[in-house]
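Colleague: Please take me through how the helices pack in this model. I want the reasoning behind each label.

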Amino acid sequence: MIHHQLLIIYTCTILTLCTLYAVQPIQPLFEKEFDLSRFEAVIFTTVIMLPLSFAPIFYGYILETFSSKLFLRNAVLILGILELCFAWSSSYSILLTIRALQGLLIPAVLTSLMSYISFITPKDKVQQAIGYYIGATILGGFIGRLLSGILSDLFGWRLFFVLLGVALVLMFGALSFLSEEVKVDFVKPKLSQVMGVLKNKTFFNIYLMMFFIFFVFQALLNFLPFQLKNLSSTMGYGKVGMMYAGYIIGFIISIRILWMIRFFGNETKTIIFGILTYVVGLQIFHINDYLVMFGGMFVFCAGFFIIHSVASGLISKLAHEKRAISNGLYLSFYYAGGTIGTFAPGVFYHYLGWHIFLVLLALIAFATLFFAFRLQRTLRS
């Protein structure tokens with residue numbers, strides 16, 4: 001029974017992440033079809049990510065009155081209906097509004113799903129179940145990008161969003177098989193508690209480091225489709241979507257991260273190795289060849305997931321009684337960086353070109369070593 005419920009939760013997670021990232025590889029298609037500026041096209045990812053940066057802190061106050069199961073099912077149903085509306089819309093402003101509304105629902109859906117995992121899984125299996133949940137988020141991010149690209153080539157961009165909408169509506173039915181009620185772990189922090197966590201130098205270093213790391217990650221992933229279309233205007237969107245295959249390495253890293261920490265000796269040394277790998281991965285994208293870039297994505301994503309896996313684990317390990325607030329702030333800084341990264345570096349790409357854009361990202365990524373070394377010092381003391 002528990003296995004069936006977990007399967008439903010993981011499937012729902014994959015579909016939710018498909019919703020979040022499916023537009024990313026086909027943004028150049030929207031640019032052409034709707035006669036948009038580059039900025040207008042990349043905002044499709046920005047508007048859906050924006051709520052993720054404040055949701056972990058404020059959602060506790062908004063959602064405490066809802067029945068968790070009823071809320072989760074209805075949120076998934078609305079997500080599906082909005083996806084169907086997206087598939088049939090032909091107005092840029094309506095498409096953008098739909099993405100913004102979905103962005104408001106997604107953090108609440110993901111938090112509810114995580115709470116369900118903690119609730120229905122035996123205590124000794126929770127860590128493993130959350131590990132699989134992280135794997136499902138990684139898989140969803142890749143599948144959404146890949147399938148939207150392939151189906152856009154074969155049948156036009158609308159079909160994928162129709163299929164995704166139908167799958168989410170069916171998921172509304174499947175979620176009725178979950179256990180009746182769980183206590184959803186939404187944070188309801190007081191300002192004094194938030195300030196207390198931010199005054200902790202260790203936490204603050206991790207938050208700033210992850211802000212810039214995810215800024216760089218989303219910048220590359222959001223502008224890469226435009227560069228690939230520049231390399232070859234005839235390149236199919238399926239090939240663009242396939243470029244994100246390096247994402248899958250995150251699953252392997254997330255389940256092997258403890259081994260890596262033991263290998264390097266401690267968390268900060270592992271993070272420093274991750275940052276250096278990340279910067280090396282970025283350099284590979286200077287070579288304007290699809291297969292070289294494809295290989296570079298594995299190196300780049302490996303660096304990113306090493307840093308992310310260690311940093312998020314370190315927050316949970318050090319937080320003790322303030323774990324919910326500390327994790328909530330981690331996600332807020334993380335997604336705030338990612339949200340800004342989806343559009344702000346575009347100015348450099350637009351006016352100074354791909355190579356200067358990559359140099360800027362590499363400098364920002366390399367500068368996060370400052371936070372890693374400070375983290376090393378604060379942990380020692």
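Colleague: Is the crossing of α9 and α12 left-handed or right-handed?

Modeller: That crossing is left-handed. Keep in mind that this is a predicted model.

Colleague: What makes α9 roughly parallel to α12?

Modeller: The angle. Helix α9 (residues 201–231) and helix α12 (residues 267–284) pack at about 25°, with their axes 12 Å apart. Angles under 35 degrees count as roughly parallel, so α9 is roughly parallel to α12.

Colleague: Which residues meet there?

Modeller: From α9, Met209, Ile213, Val216, Phe217 and Leu220. From α12, Ile271, Ile275, Tyr278 and Leu282. By class that gives nine nonpolar, no polar and no charged residues. Tyr counts as nonpolar here.

Colleague: Why is α11 called oblique to α13?

Modeller: Helix α11 (residues 249–264) and helix α13 (residues 290–319) cross at roughly 50°. Roughly parallel needs an angle under 35 degrees, and roughly perpendicular runs from 65 to 115. The value fits neither, nor is it over 145, so α11 is oblique to α13. Their axes come within 9 Å, and the crossing is right-handed.

Colleague: How many polar residues does the contact of α11 with α13 have?

Modeller: Three, alongside 11 nonpolar and no charged residues. Gly counts as polar, and Gly250 of α11 is in this contact. Also present are Ser254 of α11 and Ser309 of α13.

Colleague: How do you know that α4 and α5 are roughly antiparallel?

Modeller: Helix α4 (residues 68–88) and helix α5 (residues 92–120) pack at about 150°, with axes 9 Å apart. The cut-off for roughly antiparallel is over 145 degrees. The two helices are therefore roughly antiparallel to each other. Their crossing is left-handed.

Colleague: Which residues make that contact?

Modeller: Among them are Phe71, Leu72, Glu83 and Phe86 of α4, and Arg99, Gln102, Leu105 and Tyr116 of α5. The residues of this contact divide into 18 nonpolar, three polar and three charged.

Colleague: What span is expected for α5, and what does the helix reach?

Modeller: The helix has 29 residues. The expected span is 1.5 Å times one less than the number of residues, which comes to 42 Å for α5. From first C-alpha to last, α5 reaches 42 Å, close to that expectation.

Colleague: Where does α5 kink?

Modeller: At leucine 105, by about 25°. Proline 107 follows shortly after. Leu105 is also one of the α5 residues in the contact with α4.

Definitions and conventions: Residues numbered from 1 in each chain as written. Predicted model: local features only at pLDDT ≥ 70, side-chain atom pairs only at ≥ 80, totals over all residues. Heavy atoms only, no water. Axes fitted to C-alpha atoms, helices over the stretch in contact; angles between N-to-C directions. Helix = DSSP H or I, 4+ residues; strand = E, 2+ residues; numbered from the N terminus. Left-handed = near helix turned anticlockwise from the far one by under 90°. Contact = heavy atoms within 4.5 Å. Bend = angle between axes of the 7 residues up to and from the residue.
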